[in-house]
Each structure stands twice: as C-alpha cells, then as structure tokens.
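Please open the structure in a viewer that can select by residue number and display side chains. The tour proceeds by selections, each followed by a description of what is found there.

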Amino acid sequence: MKLSRQFTVFGSAIFCVVVFSLYLMLDHIDHSKNPNGERIQKVSTVLRLSIHCVVSRCVFTVFRLLVRELTAQLPDGFNKMMFFFSGFFQMLDVYDLLSFDNPDGGVWKQGFDISYQDNEWDNEPLQVFVVPHSHNDPGWLKTFDDYYRDQTQHILNNMVVKLHEDSRRKMIWSEISYFSKWWDNIDEQKRDAVRRLIESGQLEVATGGWVMPDEANTHYFALIDQLVEGHQWLERNLGVKPKTGWAVDPFGHTPTQAYLLRQAGLSNMLIQRVHYSVKKHFASQKTLEFFWRQNWDQDSSSDILCHMMPFYSYDVPHTCGPDPKICCQFDFKRLPGGRISCPWRIPPQAITDNNVQERAQTLLDQYRKKSKLFRTNVLLAPLGDDFRYTEAVEWDQQFENYQKLFDYMNSHPELHVQAQFGTISDYFEALRKSTGMDPVGMNVGQLALPVLSGDFFTYADRDDHYWSGYFTSRPFYKRLDRVLESHLRAAEVLYSLTLANIQKYGQPNDYPAVDNYKLLTEARRNLGLFQHHDAITGTGKDWVVVDYGTRLFHSILNVKRVIVSSAHWLVLKDKQTYYHDPSNPVLQMDDVQPAQDALPRKIIFEFFTVPRLLVVYNPTEQARMSMVTVYVTTPKVRVLNAVGHVVRAQVSAVWNDVSHAAADVFQVRSATSVHHITALLWVYYLRKRYMILQDGRQISISELEHFQQFYQQDAAPVHIENPHLKLSISTATGLLEVRSHLIKVEFVWYGTTSNKDKSGAYLFLPDKEATIYSPSQPPVVRVTKGPLFSEVTTTFTHITHTLRLYNIQGVEGQSVEICNTVDIRGETNHEIAMRITSDLNSKDRFFTDLNGYQVQPRKTLAKLPLQANFYPMTSMVYLQDSSARLSLLTAQSLGAASLKSGQLEVIMDRRLNQDDNRGLGQGVLDNKITANSFRLLLEKRSSAEESAPYSYPSILSHMSYMYLNHPLISMAVSQRSESPSLTPYSPLSASFPCDMHLVNLRAIQSKEEGGGPSEQAALILHRKGFDCGFSNRNTALLCTTTRGKVKQITRLPTHRHTSLIYRGSYHCY
C-alpha cells in the first residue's frame, strides 16, 4: 500500500460552522491556543495545522478547531478506532455480487423464511423498543398548510395530552417545519408541557431538520441550510440538540446526508428505502446495522452508526416482523369499525385478559424472527405511518393495547423478553450498551459491526420498479430550486457584510436590517420546505406543486430585495446619503420572472441623455472573468469599467422568433473581470454576424439592419471556435460534431411499457431502448459569430438547442455552454433525453455526483434493466479513459446514465399520462416550458488515475460548475435626477484559493423578540477535493490552490462574532 493511502483523506470535506448549533459556542473558543499568535480581525477562529505528509504532488492535512463545545460532542476515542478489513465493504462490490433476482420468499415475499430455537434468549433476554412515530409529509397529496390544518396540528395537540397520561409512553417527531408552525399557535402553558416531555425523555426530536429531505436531487447547500434552520429553531425554543437521524421515506439514501448528520453532532441514523435485494442480502449477512463511512475517508473519522430497516415499508404491517399479515393484526387503528382495515382480511383484536397470552406470544414470535436478522438482542419495532395519531382514539387504541402486551411479556420471565415504548435514541443507547460501544462514539465495541461505504441508489421496491423517474420529474421546479439557492446565498453574504459594514460607519436610520432578516428567514424556510422528499422530487399533486413553486417564486423576489438594498449600502460612497425606498429602489435587478411557472426575462434598460450605471456583484469568492449580459434600447453602446477603461463588449440581436429580430431591443455582453462589486458605464458598441439555415439552405432574416449577415455556399458543417475549442455543427441537424474524441450530441425519446405498471412521477419503466428524436420538420439553425462569443441555436419542434463558445480568458472559455429549452406539453407518455457520444473507452464505468458534494463511481450493470442504470445527477456526470475525461456539468438536478461505453445520457423532461401506483394518484401532465443549462468540458489527463473507490472532479470542473450555478448579478442604477456617487467594494484582500468555497455567511437570529439578527454569524467553508491528474496550465484560472497551507482569508468584515470550523481535504500542488 502506498504511503499516501495510510493517511486521512477528507475528500470534499465541509468546513462548517456548527455542529450546526455552533452559533452558541463563541464563548468557548480558546484563543490562547492559536499557533500564529494573531487573531483574524472580527473572525473568532482557532486553527491548528498539522501537515502529515507530502507524497509526490498530493498533500494530506487535518485541521482541527480547538473549541471545547465541539470537541465535547466528538468521540474521545478517535485514536482507538480500528479499521475492520474483514468487516468493510463497498456498495459497488455488493452490486457486483447480487443476482438481483426476486424469488418468492414466503410470508416475507422479498426475503426468506426465518426460524429460531426457543432457548436462544435464555442467557440474554430480547430487549424490544417499540417506537411510536407519525410521518408528516410537508406537502404531497395536500399542501403544507392544508395538511397542518386537517391533521398535523391535531397530532401534536393530542401528543401533549396523551403522553402526559402515562410516563411510559414515548413518541418521536422529525419535521421542524410543522413543529414550529404549531409552536407559534399554542400558549405558553402548552409549551411548558412540551418542554417537560422532552426533559423526561418521552418526546424526542429526531434529525431536527426543517424537513425530512430528499437525498437524490438536493444540493448540499440546501441540505445544510434546512438542517441549520431546524437546529437553530430547536436550540432557541427548546434548548435541545438531536442525537439520531430518522429517514423512513426518502427514495434512496446518500452518504452526503450521513456525513452532514455526523458533523452536526448526531451519532446514529436510520434509513428505510433501500433496494429490496440489498435488504435481503444485508439481512442474510446480519449487516443491517453498520458504520457508514465516506468513500474518501481512509480511517473512521466520518463514521456514523446506521440502522437499515429490513422490510418493505415503515408502516405497522412491515415493522414488527417478517409476516405483514400478522403484524397488521397489531396495528390497533385497524380494529373493526374503523376507517382502515388489514388487506389480509384478518383484523386486529383488542387485547383482553382472555386473549393476551395468545396475542403476546404471536407478536413475540415476530419480534424474535426479526431479531434473527441482527447481531444483538436489542430490537427496534417502529409503530406508525403517514399522519398517524391524528385522533385521540388512536392514541388510546395503540398505547393501551400495546401496554397490555408489554405488561404480559415483562411479567413472564420464561418468555425472556423485555418490551417497552421507546424513542429512537433509546434504542441506539441500548444497542451501544449491548455491544460495549461508547454512548455516542464510533468505536466498534465487543461485537464488531461492519463498515460500509457507498450509496443506496437506485431504489427499487419490487420487481423491476426502479425509482429513477423522480430524478427528473417536474424539472422546471428543480431549476427554480437552484435559482433560489444561488440568490439566497448571494443575499446572505451581502446582508452579513452590510451589517458588519454598518458597525464600521454607524447605524443608518433607513437600512431595513430586521425586515431583510425576516425576508431571509422566510426564504430559508421556503427553500428548506422544497427539499422535502415529495417536493424537489416532483412527486406531489399538481396544486401542491403550484404551492411549492409560489413559495420559491416569492422568495426569489424577496431575496432580490435584500440584495439590492444591501448592495446599495456597500457601494455608496457617502453612507450618510443612504435611504431605503422599496417602491423606488436605487438599484434594479436586470431580470424579472413574471410568474411561478414562467421563465425569467431580461429587463430592458432605456438610454436617455446620461450614461447608465451598472453594479455587478460577483457572488463567488475568487476573482473571475465572466460575461455580463443586459438588454438595451440602442445598439450604440460602449462599456467602461469603474476606473474609466473601455471593456470589450459585443452587441447582439434579440430574437422575437427563430428568424425575426427585434428592431428596438439589443443584447449587450461584456467580458468583465470582477474582483468585487463594481460600477460600469455603457456607451459604444461592436457588431455581430449572423447566418440562418434550414435543411442546409440559407433563409432570410428580417430586422437585421444593425448587423452583418454572412453566407456559406455549400452544406459543409459550420465551425465556431475560440483558442481552446473548435466546434463543428451540422447545417442539416444543427447538432454538435467534434472531431476530437468524436463527440456528438443528439436527442432521444423514451416511451413507457405496455405492461400494467407504467412510468409515472416516481418510476421509470421504458418500453425499450431510446429512439432517435426525428422532428417532422427540419430544424432552423441560426449561427452567430462575434469577437466575444459565438453560438449556434437550433430550433426543433420540442427543443431549442444552443451551443455557445466564449472567446474570453478564464474559466468560461474552457467549456461549451449548452442551453436546451424543452417543451413537450403536447406529447403522450414520452420522455426526452440528451445523449452525448464520444470515443472515450469508458467501458461500463462512469461517475455521478452526490448532492454536489462528492462523486460516486458507477458501473452500468447488464444484469439490471435499463432504468436501474440511471442515477441522480445534482451537479455533474463524467466518464473517462486513460487519456481524457468528458464532464457534463448541470445547473439543475436530473437523471443520468452511461448505457454504452463513451456515452452520456440525461433525461430532460417527462410527460406521463398515468399514475405509477405509488400513492400520488395522477400522472405528470403539468409540464412547463423548461430551460436546462449545462457545461460540456473535455480535459486531457496528465497522469494516470489510481484505482480507488472514489473520484474527484478537476479544479477546472469545480470552477466551471461554480460559474454555471453562481453567475454574476447585474443591477442597474435607477435614472434619477441625481445619481448617487458609487465606489467599488471588496471585502477580501485577495481571492480565496481555487479549492476553497464560501458555502455561506449566514447571520444568526437573535434570541430576542422581533425576529432580527444577532451579532453572530455562521461562516461555512468547503475545501474541495480534486483530481491531481489534470493540469491547470493554460486554463486561465485566476486563483491557486491552498497547497496545504491556510493563509489569512480575510479582511472579511463580519459581525462582531463569527464561528468557523475548517476541515482539511485531499488536494494537489
């Protein structure tokens, strides 16, 4: 084993403030241990740098924050942890091993018969924890507010009453979105009662996020943000910190969520929706409980103890044991006379003195059989389902009947069982005790539990029913989610910098600090709500989707208000002249979205006698050369920067349709180098050349008097190029054909199977392999050539496809920008995909990201159906061979696959006419005109990649993704009689390193009434792991890597107190 393999690899590690409750830790920071002997101005940080080794070009480092509150939550046995080679396995290896057949397992249809000997528990009794829970979806068949009104508030009200009736009763709750809404509507007496239930251990908050998030489509920014929002709320109102994660309904599971929970101070977690063949295999090997470790972690620093539920569902029939027909008889809500019954037609019986013996022994038989799937005599039996315990009678039915069963079992020592109600942490505490583990640590104890790395996608619940459809369903809103994420982050950073700047200059009367903070809080919560596993997934009812979209839409508008009011203060030269007028702001955003289901459009800036000032905000932490785009009313435009130097610009036509240009609106794009917020002047112009073809023949263009047309005499491919790339586009098809590596782009259709079960919002069940998209009419191809960028726009019946090359220095000139506007509203049971083919010899291997945070190697398995080989793509997918890598970076979450060597495929939209029998009760027919944006990046490998169970993007790929998802934000200064005097503003003395990302700078809410900000902020940094095998030469990157050292990353003016956690990562010189 190479020396480098023996050291810690914190690949793509998050260096965040917190254990997500670290906003209260500031008084515990020990500044005396700062090795540099100096404090970073206004940023309370203490870092200890420990460089373990330098091997070739790769450095492994570990940075530890010396904070007593943090270290108190981390296990003190890190150095005692052992790497169990015999008990370590990768999910990729498991997939290779499994046959993925589905034989009838008997009463446990997807499993096997379970038997036991009656005397197995004579020496150590079976310890059973029955955990009552109610899974409350924050939107699915009803909207969030409707569910709360009709069900959730009654569940929580009954909870307070019914738990107080008997101290032996327990309950867990997960969704803070609902809990906080209920809390705001109850009196102080009931709040005190809730606090007593928590203090007594009868009520536990599990996970503590704003929602139980989807784990496939969510970006780690939003996962962190909703977790911080929930944990902040809990700390502020209840003074508790969750210990255990609870995820019974997300459709597949990601190690990113496991890592974030571990960093948030949680020690345990539970998951449920995993492929039935994987569950069966784990059950047969007794590996349903394991330490979940990150692929890139070579020791145990990222481990979290995980319990995988073994059976089909989290409802009562599938949680007491392997036979759902019997377990259903112990769901006492289904007693005769109720509104629901058991599908197996054997109803529950109320427990009496006459039947308690038989009923207890029947239930105990299921408990014993279930326990045979685990390595200890501690058993978990969840008791709940969706929106359970709404009515008081159900509380009585469940708790009273189960208590009778428990009393009988516990009073008969010959049964060798101890049964009780418990919380999920009660269960894990007993599990840890039985194995000799630390109460919260990760040492393996006397009975070794296995160590697992990898993820649990793609999920199938039965047969060939793979849940890969929701990776793309409702893509319009998946894109809207990413737009809000980007704008919220930009607003958070500007707002925090503004508060710090105000402290320097004095508090203005007009800056709306409290109002802006309320807008930010609402946006955080609306974004958090959309991370729910029936929201961003696109699996809600039509009107529920509209409700989510409306929330996202209003929050985008609101955070833009925060951006313009904060930017106004920061760039204002004379702070005394600041005033806030929301009806007539000094700065105006350069685009507007007219409705929640419409694409944004550019605002047209008019010119009169004076120049227009434009403020450009760079939301990234590195200096960058990027394009700024505005629409104006004249082509006679020149651009000057803040110091009066001319900036290269290109004026283009704005097209009313494929061949008709607007006569009075023009697009101006300038190549702008932005180190900070800066002001620009617009004055003169450069021209473009155009050519439009259909079926290889040139067609006329109207209203193009300000621009030149060019002509091509033959049907040869059109070429556009920059110093790095040369693209060849067929004049007949309008599609890309690159000679280097024979790269080409095409579109394909999928239909749905003719079987009874068909594709729907969740499931992807295609009828066959994809067929090539062949429109009935030849496409119209519009070629644009200019000095700053060139593009080819091809208009098909269902797609407007644009390929764009930027001729500028920097990251944006290194890749091909691909924009697809998709409209399949007239189709029936069709899914449309973009396919990229190359000659890269990738074989059956490819790579998709997990939550924009890390990369998971994939293997296309011929033994699985086509739909099983699609995986979630949150930020990128790539394939490679020994010489090159082809990456597709995305601005929205979609489903992706590599079904053949050298080929990538991305599903862009789905229109499905039927339900797929997973509870939604409808198809997906509310399609919108949807814009999908990508960057296609081809990189040559400078050194061979070592074989490893993990992979990293290149630095260029990281930066290209950042530019795609965090574009420059332009704001025009309003045309008033007296324009304000503006000055550039920069919070940084130098750019961050390329491998350092400022995830967020988030103001923390005050504990005082009023909902305003406190003097604390959370600074969340991410140091990205990247592949050493790609050279950064000639990439025009305007930043360098950290090279194993942390420089002073500020002058970053912040609040008076800012907390920071910083963790090291694998990287290259």
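The stops below cover a helix pair, three sheet regions and the disulfides of this predicted model.

**Stop 1: two packed helices**

Select residues 144-165, helix α3, together with residues 176-183, helix α4. The two helices pack at an angle of about 75°, and their axes are 10 Å apart. That angle makes α3 roughly perpendicular to α4, because angles of 65 to 115 degrees fall in that class.

Next, show the side chains at the contact. On α3 the contact is made by F144, D145, Y147, Y148, T152, Q153, L156, N157, M159 and V160. On α4 the contributing residues are S177, Y178, F179, K181 and W182. By residue class, this contact comprises 9 nonpolar, 4 polar and 2 charged residues.

**Stop 2: a sheet of six strands and two helices across it**

Move to the open sheet whose 6 strands follow the order β4-β14-β10-β11-β9-β8, with mixed pairing. Select residues 88-90 for β4 and 244-247 for β8 to mark the edges. Each edge strand has a single partner strand, so one side of each is left without a neighbour in the sheet. From one strand to the next, the twist averages 30°.

Within this sheet, select β10 (residues 289-293) and β14 (residues 451-453). The two run parallel and are joined by 3 bridges. F291 stands opposite V451 of β14.

Now add helix α7, residues 255-263. Helix α7 lies across β8, β9 (268-271), β10 and β11 (304-308), and runs at about 130° to β11. Then add helix α12, residues 424-435. Helix α12 also lies across β8, β9, β10 and β11, here running at about 110° to β11. While β11 is displayed, select C306, which is buried, with a relative accessible area of 0%.

**Stop 3: two disulfides**

How many disulfides does a search of the whole structure find? The search finds 3, and two of them are visited here.

Select C320 and C327, which are joined by a disulfide with an S to S distance of 2.0 Å. The torsion about their S-S bond is about -90°, so this disulfide is left-handed. C320 is buried at a relative accessible area of 4%, and C327 is buried at 0%.

Then select C328 and C342, whose sulfur atoms lie 2.1 Å apart in a disulfide. The torsion about this S-S bond is about -105°, so the disulfide is left-handed. C328 and C342 both lie in the loop between α9 (324-327) and α10 (356-371), so the pair ties together parts that are 14 residues apart in sequence. Both cysteines, C328 and C342, are buried.

**Stop 4: a sheet of four strands**

Proceed to the open sheet of 4 strands in the order β18-β20-β24-β23, where the pairing is mixed. Its edge strands are β18 (604-605) and β23 (649-655), each of which pairs on one side only. Select β18 with β20 (residues 624-632): these strands pair in the parallel sense over 2 bridges. I604 has Y631 of β20 as its bridge partner.

**Stop 5: a covered strand and its partners**

Select residues 884-890, strand β43. Is this strand mostly covered or mostly uncovered? It is mostly covered, with 7 of its 7 residues buried. A884, L886, L888 and T890 point one way from β43, while R885, S887 and L889 point the other way. In a regular strand, side chains alternate between the two faces of the sheet.

Add β42, residues 876-880, which pairs with β43 in the antiparallel sense over 5 bridges. The two strands form a hairpin with 3 residues between them. Then add β46, residues 930-940, which runs antiparallel to β43 and is joined to β43 by 7 bridges. Centre the view on L886: this residue is the bridge partner of L879 and stands opposite L938 in β46.

**Stop 6: the remaining disulfide**

Finally, select C994 and C1039, which form a disulfide with an S to S distance of 1.8 Å. The torsion about their S-S bond is about 110°, so this disulfide is right-handed. C994 lies in the loop between β47 (969-973) and β48 (996-1005), and C1039 in the loop between β49 (1013-1023) and β50 (1057-1060), so the pair ties together parts that are 45 residues apart in sequence. C994 counts as buried at 3% relative accessibility, and C1039 is buried with a relative accessible area of 13%.

How values were computed:
Residues numbered from 1 in each chain as written. Predicted model: local features only at pLDDT ≥ 70, side-chain atom pairs only at ≥ 80, totals over all residues. Heavy atoms only, no water. Axes fitted to C-alpha atoms, helices over the stretch in contact; angles between N-to-C directions. Parallel < 35°, antiparallel > 145°, perpendicular 65-115°, else oblique. Contact = heavy atoms within 4.5 Å. Nonpolar A, V, L, I, M, F, W, Y, C, P; charged D, E, K, R; others polar. Pairing = 2+ DSSP bridges. Buried < 20%, exposed > 50% of the residue type's maximum accessible area, 1.4 Å probe, protein only. Disulfide = S-S within 2.5 Å.
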